[in-house]
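Biologist: I would like to go through the labels on this model with you. For each one, please tell me what it rests on.

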Amino acid sequence: QRFKDYRKMFDELGSKLDAVVISTPDHMHFHPALAAMQLGLHVYLEKPLAHNVWETRTLTNLAKEKGLATQLGSQRHAMSNMHRVVELVKSGAIGNVNEVYSWVGGSRGMPSIPKDHPAVPDHLDYDLWLGPAKERPYHPSFCPYGWRFWWDFGTGETGNWGCHILDIPFWALDLKYPTRVDASGPEVDPERTPKAMKTTFKFPARDEQPPVTLHWSHGTPEILKEKQLSGKGMNTFFVGEKGMLLCGFSNRKLLPEEQFEKFEAPDPFVPDSPGFHNEWIAACRGDIPATCNFDYSGPLAESVLLGNVAYRTGGFDWNAETLEPVGNADAKQLIQEEYRKGWEVTV
């Protein structure tokens, strides 16, 4: 059966469903996910989990409260090279890590502002597509795909790639919530996401691991040029006390190379994935939690979204317990956004 309105689907079939997969635009992640979870349905949800931090935390907490099987769509988590990178860092190959640089290339963002107002296609229920976002005339530059680069609908390249790429340092270093977030870039546009930006997250010590500074950038970081390194095929650079590790989803290199010429990697200890989607299906059937369940991926998604908040409003100390951007009232407005009339929620 096909439905264009998830609410009607849940009304008609909710008691017959086990789980849902949600791959709508970012601004429409939260509402169907919340409705599904309130019905006790397991959820596979595309990144960056939700459109703001409050939504992300609400879904994370609800999943735990109801014991639901969840999985964030960071499917590269299942790649074997990712496992080997995590093993190298966790086994101490480069010593304690206190700084990491992660990035995504390209210059997508800042789409042209529409000057015409074409008719809504017959196949599109545009009011439903807008959902909780404020009303604006239809334009094909943001529907069906360009929404990603409009703040009302998407979260830019940070939201698009952040949950994939920052998954590497989050997993390897057991990161959770930052205590400080700062960002910089071109002049902020109130409507559109930027073509480049830089974000810095400060994370506290974890058990025996020291505090770490994580740099995220839309654009290649300067440190690669400083160290005369090629970032081709790479997206993350760990700086440790005993060495460095440059890696991507499919490649990894310990540095300086001469220092690690005779290095023997640890025996694999991160289990192979049965398949990223299979993990979630197994979890729905009562097996172990999927590797990107919301307990793990919720804090990752929150951090990604906080980077955008800091870029748009300025940096802040972050109180993860109260969801408070300390001393930044403008940032607070983006932690939990208002919904269009008719889309209010009860949690």
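**What the labels rest on**

Modeller: Let's start with R180, which has a relative accessible area of 26% and is partly exposed. Please keep in mind that this is a predicted model.

Biologist: Why is 26% partly exposed for R180?

Modeller: Buried would need a value under 20% and exposed one over 50%. The 26% of R180 falls between these limits, so partly exposed is the right label.

Biologist: What makes the contact of D317 with R180 a salt bridge?

Modeller: Their closest N and O atoms are 3.2 Å apart, and the cut-off is 4 Å, so the pair qualifies. D317 sits in strand β11 (residues 316-319) and R180 in strand β5, so the bridge ties together parts 137 residues apart in sequence. D317 has 38% relative accessibility and is also partly exposed. Elsewhere, K134, R136, D152 and E191 form one network through salt bridges with shared partners.

Biologist: How many salt bridges does a search of the whole structure find?

Modeller: The search finds 16. One of them joins the side chains of K4 and D125, at 3.7 Å from N to O. K4 is in the segment before α1 (6-13) and D125 in the loop between β4 and α5 (126-130), so this pair ties together parts 121 residues apart in sequence.

Biologist: How do you know that K4 is exposed and D125 partly exposed?

Modeller: K4 has a relative accessible area of 66%, and exposed means over 50%, so K4 passes. D125, at 30%, is partly exposed, because that label covers values between 20% and 50%.

Biologist: What makes D174 and K90 a salt bridge?

Modeller: The closest N and O atoms of D174 and K90 are 2.7 Å apart, and within 4 Å is enough. This pair, too, links distant parts of the chain: D174 is in the loop between α7 (167-173) and β5 (180-184), and K90 is in helix α4 (residues 80-90), 84 residues apart. D174 at 40% and K90 at 38% both count as partly exposed.

Biologist: Where is V85, and why is V85 called buried?

Modeller: V85 is in helix α4. Its relative accessible area is 1%, and anything under 20% is buried, so the label follows. Beyond its neighbours within four places in sequence, V85 is in contact with I168, F238, L245, C247 and R252. The C-alpha atoms of V85 and K253 are 9.3 Å apart, although 168 residues separate the two in sequence.

Biologist: How do you know that E279 has no salt bridge?

Modeller: The nearest side chain of opposite charge, R84, is 12 Å away, and a salt bridge needs a distance within 4 Å, so E279 has none. E279 lies in helix α9 (residues 276-284) and is buried.

Biologist: What makes the meeting of the E279 and Q71 side chains a polar contact?

Modeller: The two side chains come to 3.2 Å, and the limit is 3.5 Å, so the distance fits. E279 also touches S273, P274, A290 and T291, leaving out residues up to four places away in sequence.

Biologist: Why is strand β4 called mostly covered?

Modeller: Six of the eight residues of β4 (97-104) are buried. Helix α6 (residues 156-165) is mostly covered as well, with nine of ten residues buried, including E157, N160 and H164.

Biologist: Which strands pair with β4, parallel or antiparallel?

Modeller: β4 and β8 (residues 236-240) run antiparallel, joined by five bridges, while β4 and β7 (residues 212-218) are parallel, with six. Two bridges are enough for pairing, so both count. E99 stands opposite V239 in β8 and has T213 as its bridge partner in β7.

Biologist: Which residues have the most contacts inside the largest nonpolar core?

Modeller: They are L59 and F238, in a core of 79 residues. Helix α10 (residues 294-313) gives this core its largest share, nine residues. Another core, of eleven residues, lies apart from it and includes L130, Y138, C143 and W150.

How values were computed. Residues are numbered from 1 along each chain as its sequence is written. This is a predicted model: local features need pLDDT of at least 70, side-chain atom pairs count only at pLDDT 80 or more; totals for chains, interfaces and linings use all residues. Side-chain values use heavy atoms; hydrogens and water are left out. Helices (H or I, at least four residues) and strands (E, at least two) are DSSP runs, numbered from the N terminus. Buried means under 20% relative accessible area, exposed over 50%, partly exposed in between (1.4 Å probe, protein chains only). Lys and Arg count as positive and Asp and Glu as negative; His and the chain ends are not counted. A polar contact is a pair of N or O atoms within 3.5 Å; within protein, one must be able to donate a hydrogen and the other to accept it, and residues adjacent in sequence count only if both atoms are side-chain atoms. Contact means heavy atoms within 4.5 Å. A nonpolar core is a set of buried Ala, Val, Leu, Ile, Met, Phe, Trp, Tyr and Cys residues joined through side-chain atoms within 4.5 Å.
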